[in-house]
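This report describes selected features of one protein chain for a reader who is new to structural biology. Please keep the sequence and the structure in view while reading.

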Amino acid sequence: MGTTQHECPKCHASVLVIATEGARVSCPKCKVPLLITDNGLEYFRVARKHNVTPATGVRTRRNNAALATDIPSEGMGLVITAFSLAGLLMLAVIVGLVVIVFGDSDTDTAYSSLTLRSKHDQNTVRLGSFPQDNPGASEPVHASSQQQMTSQAEQAREARRAKEIAAEEEKKRQAQEAKIAQQMQQSELANMPSSLAETIAAVRPSVATIEHASGSGSGFILTQSRWLATNLHVVAGAGKARAFRNNDNGTQVEMGIAGFVACDPGKDLVILVLEKDWPAEPLALSSAPLQLGEDVFAIGSPIGLSDSITRGIVSQIRSASDIQNNNLSPSTKIIQTDAFMTSGSSGGPLCSNAGKVIGINTFGISSDADEHATRIHFAVSAEELGELAYTSLGRKTRPLDELPQMRD
């Protein structure tokens, strides 16, 4: 055994060899495995099934000692490691895709697992089971459970859609109502006479004075020629009454009151029935929203002066509870106005400039005990009368002596 110095065939570094021919060494610099031959150093290549000495080509039986020396190079190890990592990454991607496609998406279930089921095979194959809420559970999620969860999800979607449709319909309904109200208001303005005098002239023939043994008041024709609307307190306690008006040509219209068809003591309203048709058209109730400051006029028989006309504005819109009027239901809608009213004006119409009835003249409040002191005047809203008239269609006429008492 001698000591020789050779050059590495890969990196050309000097390698000191103290071994016999045919022995294996490694380059101290690049670590490549080398074989000592009679020509110097050569790359060492591993024979798999049998040991083949590169120098001699002689095949020998491989033993455990040789296996211990057949170690891949560092470069080959890096390659193998890279391929292994790539394989693991590819496997993870495949498993993730399978979980996304076939996995259970319901986050409220007790298991987060992947279940594969053949179309024709009812056996469940579980690739993995990870108990979340119930660590002891191990039952697979069967087709019936999956169908139930799918059905619940569909029902939830349908419920949300139904709510969305209902909301859209409500918006459409509100928009349609606003459009109709606007059209009606425009129609009223379009049909308005050219002057207030013409409007009043068209309304006056439908207003009557009501008279009975205990007092008098006003009323107006509503809905049909025999219906006369007024306040309950105008005819309360009257067993017999008449309605009349004096025409401009000196003639008079007069007829008896047969009874009543509807009454609401909480709103001080009554619809009387005449013995025959009144010779004038019924007045229409306004459907346009009231505006503060809107011009109005009242027609009635204050202190017995029939067919009197006063003017004013809508001062405010209130409820009976606002002014603590105990004779009316608290929620009764009333209109405050500065159009003059006094005893005998009750029951007459409060009209807009278009000639539509917006209220029924009902009462006034004095600033002190003096009846002739400053008064604030109120009319029950025509909305309240409209509801009473609508619910009275088809009812039979009842005698006046069956009228109820005023609300205490």
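## Two loop residues with positive phi

Thr223 belongs to the loop that connects strand 11 (215-221) with strand 12. The model discussed here is predicted. Although Thr223 is not a glycine, its phi is positive, at about 70 degrees. Its relative accessibility is 44%, so Thr223 is classed as partly exposed.

Gln324 is found in the loop between strand 17 (308-319) and strand 18 (333-337). Gln324 is likewise a residue other than glycine with a positive phi, near 55 degrees. With a relative accessibility of 69%, Gln324 counts as exposed.

## The nonpolar cores

Which residues have the most contacts inside the largest nonpolar core? That core contains 27 residues, and the ones with the most contacts inside it are Val203, Phe220, Leu222, Ile271 and Leu385. Several elements give two or more residues to this core: helix 4 (196-203), strand 12 (227-230), strand 14 (252-264), strand 15 (269-274), strand 16 (295-300), strand 20 (357-366), strand 21 (375-381) and helix 6. A second core, separate from this one, has 20 residues and includes Ile221, Ala243, Ile257 and Val270.

Leu222 may serve as an example from the largest core. Leaving aside residues up to four places away in sequence, Leu222 touches Trp227, Ala229, Ile271, Pro282, Leu283, Leu285, Leu385 and Ala389. Ile257, from the second core, lies in strand 14. Ile257 counts as buried because its relative accessibility is 8%, and the limit for a buried residue is under 20%. With the same neighbours in sequence left out, Ile257 touches Ile210, Ala241, Arg242, Ala243, Leu272, Val273, Leu274, Glu275 and Leu400. The C-alpha atoms of Ile257 and Leu228 are 8.9 Å apart, while 29 residues separate the two along the chain.

## The buried side of helix 6

Which residues of helix 6 are buried? In this helix, which spans residues 382-391, they are Ala382, Glu384, Leu385, Leu388 and Ala389. These residues lie on the same side of helix 6, because they cover an arc of only 155 degrees around the axis. An α-helix has 3.6 residues a turn, so residues three or four places apart point the same way.

Two of these buried residues also appear in the contacts described above: Leu385 and Ala389 are both touched by Leu222.

## Salt bridges

Side chains of opposite charge can pair when their charged atoms come close. The count of salt bridges in this model is twelve. In one of them, Arg242 pairs with Glu211, and their closest N and O atoms are 2.8 Å apart. Arg242 lies in strand 13 (residues 241-246) and Glu211 in strand 10 (residues 207-212), so this pair ties together parts that are 31 residues apart in sequence. Both partners are partly exposed: Arg242 has a relative accessible area of 25%, and Glu211 has a relative accessibility of 32%.

Another salt bridge joins the side chains of Asp307 and Arg245, at 3.4 Å from N to O. Asp307 is in the loop between strand 16 and strand 17, and Arg245 is in strand 13, so the pair links parts 62 residues apart in sequence. Asp307 is partly exposed, with a relative accessible area of 22%, whereas Arg245 is buried at 7% relative accessibility. A further salt bridge is formed by Glu387 and Lys267, whose closest N and O atoms are 4.0 Å apart. Glu387 lies in helix 6 and Lys267 in the loop between strand 14 and strand 15, so parts that are 120 residues apart in sequence are tied together. Glu387 is partly exposed at 48% relative accessible area, and Lys267 is buried at 16% relative accessibility. Salt bridges with shared partners also join Arg204, Arg245, Asp248 and Asp307 into one network.

## A nonpolar patch on the surface

Where do nonpolar residues form a patch? Leu89, Val93 and Leu97 do so on the surface, and together they have about 290 Å² of accessible area. Val93 is located in helix 2 (residues 74-102). Its relative accessible area is 41%, so Val93 is partly exposed.

How values were computed:
Residues are numbered from 1 along each chain as its sequence is written. This is a predicted model: local features need pLDDT of at least 70, side-chain atom pairs count only at pLDDT 80 or more; totals for chains, interfaces and linings use all residues. Side-chain values use heavy atoms; hydrogens and water are left out. Buried means under 20% relative accessible area, exposed over 50%, partly exposed in between (1.4 Å probe, protein chains only). Helices (H or I, at least four residues) and strands (E, at least two) are DSSP runs, numbered from the N terminus. The arc is that of the directions from the helix axis to the C-beta atoms. A nonpolar core is a set of buried Ala, Val, Leu, Ile, Met, Phe, Trp, Tyr and Cys residues joined through side-chain atoms within 4.5 Å. Contact means heavy atoms within 4.5 Å. Patches are made of residues with over 30% relative accessible area and no salt bridge: like charges are joined within 9 Å, nonpolar side chains (Val, Leu, Ile, Met, Phe, Trp, Tyr) within 5 Å. Accessible areas come from the Shrake-Rupley method with a 1.4 Å probe; for residues, only the protein chains shown count as cover.
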